[in-house]
Amino acid sequence: MVVKLDTSLIKDWNGYNGRPFLIAGPCSAETEEQVLDTARQLAAIGRISIFRAGIWKPRTRHNSFEGVGISGLKWLRRVKQETGLLVGTEVANEKHVYEALKYGIDMLWIGARTSVNPITVQEIANALKGVDVMVFVKNPINPDIELWLGALERVASAGIKRLGAIHRGFSSYEKTTYRNQPNWQLPIELRRRIPEVPILCDPSHIAGAREFLYEISQKAMDLNFDGLMIESHIDPDKALSDASQQLAPEELKELLSRLIMRSPSTSDPRLLDVLGELRQQIDVFDDHLLDLLEQRMKVSETIGRYKKENNITILQSARWDEIVKRAMIKGRAKGLSDELIDTMFKAIHQESINRQMKIMNNGIETHSETL
Ligand code: PEP
Ligand code: MN
């Protein structure tokens with residue numbers, strides 16, 4: 001089944017303040033005062049459409065703060081009454097949906113730990129049947145676009161018209177600069193598959209640290225995302241969850257003022273600067289190629305150490321022939337010329353040999369032409 005939405009463009013949504021569509025608020029609702037003070041300051045920025053706060057927190061370890069539960073919904077209702085901001089919270093099961101709707105919550109989002117589970121997503125979708133509420137689906141923690149798409153389809157099938165996706169990065173076993181890897185090619189592919197569904201970026205959960213929020217937000221704008229969901233807390237260092245990635249409302253205001261929008265004057269930014277957007281996509285794929293090359297070279301070096309320990313020669317022609325033959329066959333099937341494969345693989349092979357030689361000679365630089 002394919003997602004089909006009638007009036008899903010975010011600009012038609014109640015509360016839309018122009019691109020970027022902004023959702024901000026603390027990772028978690030902690031106290032009534034923290035929620036209201038944060039909301040008042042965010043409302044004063046004048047650009048935020050939805051105030052967010054987690055009420056039920058899916059935490060990795062059971063002894064972490066797991067949210068205030070239903071009492072937080074009352075605080076969100078007060079935020080709405082006092083500031084006029086729309087309010088949103090995360091739902092992780094059908095009971096959460098019923099409770100949130102009881103308190104007039106305007107937007108529900110399905111978190112990354114829930115969107116991985118089709119049974120739970122379906123349960124939530126069933127609870128949403130016949131309800132007119134805004135729903136965002138975060139990407140699953142693993143980089144599986146079908147799972148993300150599947151979750152969006154389940155919610156769309158329940159009749160939800162104001163539906164959006166949130167890109168919050170993907171979990172990885174390797175230690176990386178960011179808390180979650182952006183894998184920008186995935187939201188780009190999602191946009192290609194379902195262009196009618198707005199996509200927001202959540203730089204907070206990608207970054208994991210305040211210092212990276214601006215660069216990720218700017219990248220998302222350059223890739224023509226429709227908006228941002230950013231965590232903001234009245235006193236970030238004291239936050240009970242995700243303290244290192246939250247901004248004080250004043251800092252968020254400053255970040256927003258620095259964002260450069262490539263097409264701020266048009267009513268349809270998607271149509272503008274197509275070339276610029278495509279170039280951004282090329283950059284994403286090139287970055288991906290570089291990451292892959294780095295990882296491949298690490299494996300080559302591990303093989304080099306193994307060869308050294310076991311006194312095996314670096315160059316093993318049969319293995320190399322096999323690699324090139326395999327690449328040629330695969331490359332042809334993908335429409336890549338023999339010339340490209342040949343040049344690229346020779347260069348990669350040369351680099352591998354250079355690195356393995358270095359290892360063999362205990363770090364002494366060796367010229368591979370001698371091989
Ligand atoms: C959150 O938004 O606070 C949250 C728990 O996000 P995610 O599902 O992306 O981890
Ligand atoms: Mn959080």
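The shell around ligand 1 holds three nonpolar, two polar and seven charged residues. Here Ala, Val, Leu, Ile, Met, Phe, Trp, Tyr, Cys and Pro count as nonpolar, Asp, Glu, Lys and Arg as charged, and the others, Gly among them, as polar. This is a predicted model, where local features need pLDDT of at least 70 and side-chain atom pairs count only at pLDDT 80 or more, while totals for chains, interfaces and linings use all residues. Residues are numbered from 1 along each chain as its sequence is written, chains are lettered from A and ligands numbered from 1 in the order in which they are written, and side-chain values use heavy atoms, with hydrogens and water left out.

**Around the ligand**

Which residues surround ligand 1? They are C27, R52, K57, E90, W109, G111, A112, R113, K138, R168, H205 and E231. A residue is near the ligand if one of its heavy atoms lies within 4 Å of it. Some side chains make polar contacts, meaning pairs of N or O atoms within 3.5 Å. The table lists these for R52, K57 and R113.

| Side chain | Partner | Distance |
|---|---|---|
| R52 | oxygen atom of ligand 1 | 2.7 Å |
| K57 | oxygen atom of ligand 1 | 2.9 Å |
| R113 | oxygen atom of ligand 1 | 3.1 Å |

On its own, ligand 1 has 300 Å² of accessible area, and the protein covers 97% of that. Accessible areas come from the Shrake-Rupley method with a 1.4 Å probe; for residues, only the protein chains shown count as cover.

**Salt bridges**

A salt bridge is a side-chain nitrogen of Lys or Arg within 4 Å of a carboxyl oxygen of Asp or Glu. By this rule the count is 23. One of them joins E231 and R52, with N and O 3.4 Å apart. E231 sits in strand 8 (residues 227-231) and R52 in strand 2, so the pair ties together parts 179 residues apart in sequence. Helices (H or I, at least four residues) and strands (E, at least two) are DSSP runs, numbered from the N terminus. Are E231 and R52 buried or exposed? Both are buried. Buried means under 20% relative accessible area, exposed over 50%, and partly exposed in between (1.4 Å probe, protein chains only).

R162 and D132 form another salt bridge, with their closest N and O atoms 3.3 Å apart. R162 is in the loop between helix 5 (145-157) and strand 6 (163-167), and D132 is in the loop between helix 4 (118-127) and strand 5 (134-138), so the bridge links parts 30 residues apart in sequence. R162 counts as buried because its relative accessibility is 16%. D132 has a relative accessible area of 62%, so D132 is exposed.

R193 also pairs with E189 in a salt bridge, at 3.6 Å between the closest N and O atoms. These two are four residues apart in helix 6 (residues 185-193), so about one helical turn separates them. R193 is partly exposed at 33% relative accessibility, and E189 is partly exposed at 24%. Elsewhere, salt bridges with shared partners join E32, D37, R40, R78 and E82 into one network.

**Nonpolar residues**

L336, L340 and M344 make a nonpolar surface patch of about 230 Å². Patches use residues with over 30% relative accessible area and no salt bridge; like charges are joined within 9 Å, nonpolar side chains (Val, Leu, Ile, Met, Phe, Trp, Tyr) within 5 Å. L336 lies in the loop between helix 11 (317-333) and helix 12 (338-360). L336 counts as partly exposed because its relative accessibility is 35%.

I70 is in the loop between strand 2 (50-52) and helix 2 (71-83). Its relative accessible area is 29%, so I70 is partly exposed. I70 and Y103 are 33 residues apart in sequence, and 9.2 Å apart in space, C-alpha to C-alpha.

Key:
Polar contact = N/O pair within 3.5 Å; in protein donor to acceptor, adjacent residues only side chain to side chain.
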